[in-house]
Amino acid sequence: MNYKNLLLVLFTLTLCACATDYSTPLATQASHQQHHGAESPQCSASKTPSIQCSKTVTSAFDHQGRLWVTWVDHNHIYLQSSLDQGDHFSAPQLVNRVEEAVIAHGEYRPKIKFNAQDTIFITWTVALEKKNTGHIRFSRSSDGGNTFSEPVTINDNLDVIGHRFDSLLIGKNGELWIAWLDARDKEQAKLVNQPFEGSSLYFAYSEDGGITFHANQMAINHTCECCRLGLELDNNNLPVVLWRHVFAGNIRDHALLRFQDSLKPGTLHRVSNENWQIDACPHHGPALAIDSSGNYHVAWFSGASGRQGLFYANSSDGGLHFSNPYPFASQGAGHPAVISQGQTVALLWSQFDGEQNQLILQLSHDSGVSWNSPQTIARTALSADDGFLLTDGQQLYVSWQTGDGYQFMQIE
């Protein structure tokens, strides 16, 4: 792989007069803003929404190959699209017209997905008045993002407790699954003085494109409380969920389940066996990809003694058995991403070398059997969000928000 061919686009998104005008050029250098520090005076004073004032950016391609980015500024969610892989963008379009305490940092961020008709679906988490509490919110647009439905709360338990770390999945027939970590069972256990480790994995299902949802269902108890979920569609058009689980003895390794039908989660299968015993939440969630042959590709972080760093494994039997873990990054690396496109599997992760945040990419061209050498594809001395992988069905891309600005890269 010749990484000199990697296309790196650094840009500042500026406003254009019309939401459908794609003539706005993108600057080659953004302002040096510390996204994970205090908000810059420029962003605090500005009433104009700007992606440069957002700590997190989520990107996705629709079924027509149009790139979309969604981000948060001043408690509002905004959406922009590009017809030329990020060279030019539409003006920001508002998702939630009423300001609310949208959480957008670390492993929290709005999620965006599309059905076959390119209806836009967005989920996010809003903070409540107590620490570590929140509600899962949802909105949809059937007119290309020009207007959005009134946001609704997906969790039907409205107690001021944790409903957090949402993940969104769209089925081939337009079905929706929204999964999240939920504290309602933990709180019920407290009322009767029963021990309860971790949180629970809950989900809501819609068979009419998000117009209505079935009642919330619990998929499994004793998930880690504050790590992102991996949620993907298998070849049977059913969800597969990957999460950090709390096993006996406060061991926080990873587990996976496949749905048996749209409303019936399957049984837990353990994925990782580092036996990391820790009475805390690591804040490093796992990543999951399922290729066109039905193979599962998973990546995760561990801090276990003698087993620290990032690991990859794959499964050819629906998650019943996994290959021996492949260690691909050492201590100091975190928040891995994984994606597949044909026989190509890509791993992406962040690493700090003492001076700079680095974004590192590693590729396999034989479905994860062997791997090329890791390559540092971007770096910054300023603050940085996690890196993410996405595909338009033909090419692989990298999305990265940093203090230098938003970066969008094509892997060639």
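**Notebook: cysteines, cores and a small sheet**

I began with Cys224, whose sulfur is 3.4 Å from the closest cysteine sulfur, in Cys281, too far for a bond. The cut-off I applied for a disulfide is a pair of sulfur atoms within 2.5 Å. I should say that I am reading a predicted model. I also looked up how hidden Cys224 is, and it counts as buried at 1% relative accessibility.

Next I checked Cys227. This cysteine is in no disulfide, and its nearest cysteine sulfur, again in Cys281, is 3.6 Å away. Cys227 is buried too, at 2% relative accessibility.

How many disulfides does the rule give? I found a count of 1. The pair is Cys226 and Cys281, with sulfur atoms 2.2 Å apart. Cys226 sits in the loop between S13 and S14, while Cys281 sits in the loop between strand S18 (269-270) and strand S19 (287-290), so the bond ties together parts that are 55 residues apart in sequence. I noted Cys226 as buried at 8% relative accessibility, and Cys281 as buried at 16%.

Then I turned to the cores. The largest nonpolar core has 28 residues, and those touching the most other members are Trp177, Leu201, Phe203, Val241, Trp243, Leu257 and Phe259. Several strands each supply at least two residues of this core, including S10 (163-170), S12 (199-206) and S16 (251-261). Another core, of 17 residues, lies apart from it, and Ala287, Phe301, Val345 and Trp371 are among its members.

I picked Leu201 for a closer look. Leaving out residues up to four places away in sequence, I saw that Leu201 touches, among others, Ala179, Trp180, Ile220, Val241 and Trp243.

My next stop was an open sheet of 4 strands, in the order S2-S3-S4-S5, with antiparallel pairing. Why does one side of S2 (57-61) and of S5 (93-94) lack a neighbour in the sheet? Both strands stand at the edges, each with a single partner strand, so one side of each is left free of a neighbour there. Inside the sheet, S3 (residues 67-73) and S4 (residues 76-82) pair over 7 bridges. I traced one of these: Thr70 has Leu79 in S4 as its bridge partner.

I also visited Ser54, in the loop between helix H1 (41-45) and S2. Is Ser54 buried or exposed? Ser54 is buried, with a relative accessible area of 1%. A polar atom of the Ser54 side chain lies 2.8 Å from the backbone oxygen of Thr56.

Last, I looked up confidence. The average pLDDT is 89, and 89% of the residues score at least 70. Over residues 1-38, though, the pLDDT is below 50.

Notes
Residues are numbered from 1 along each chain as its sequence is written. This is a predicted model: local features need pLDDT of at least 70, side-chain atom pairs count only at pLDDT 80 or more; totals for chains, interfaces and linings use all residues. Side-chain values use heavy atoms; hydrogens and water are left out. Two strands pair if DSSP finds at least two bridges between them. pLDDT is the predictor's confidence in each residue, from 0 to 100. Contact means heavy atoms within 4.5 Å. A nonpolar core is a set of buried Ala, Val, Leu, Ile, Met, Phe, Trp, Tyr and Cys residues joined through side-chain atoms within 4.5 Å. Buried means under 20% relative accessible area, exposed over 50%, partly exposed in between (1.4 Å probe, protein chains only). A polar contact is a pair of N or O atoms within 3.5 Å; within protein, one must be able to donate a hydrogen and the other to accept it, and residues adjacent in sequence count only if both atoms are side-chain atoms.
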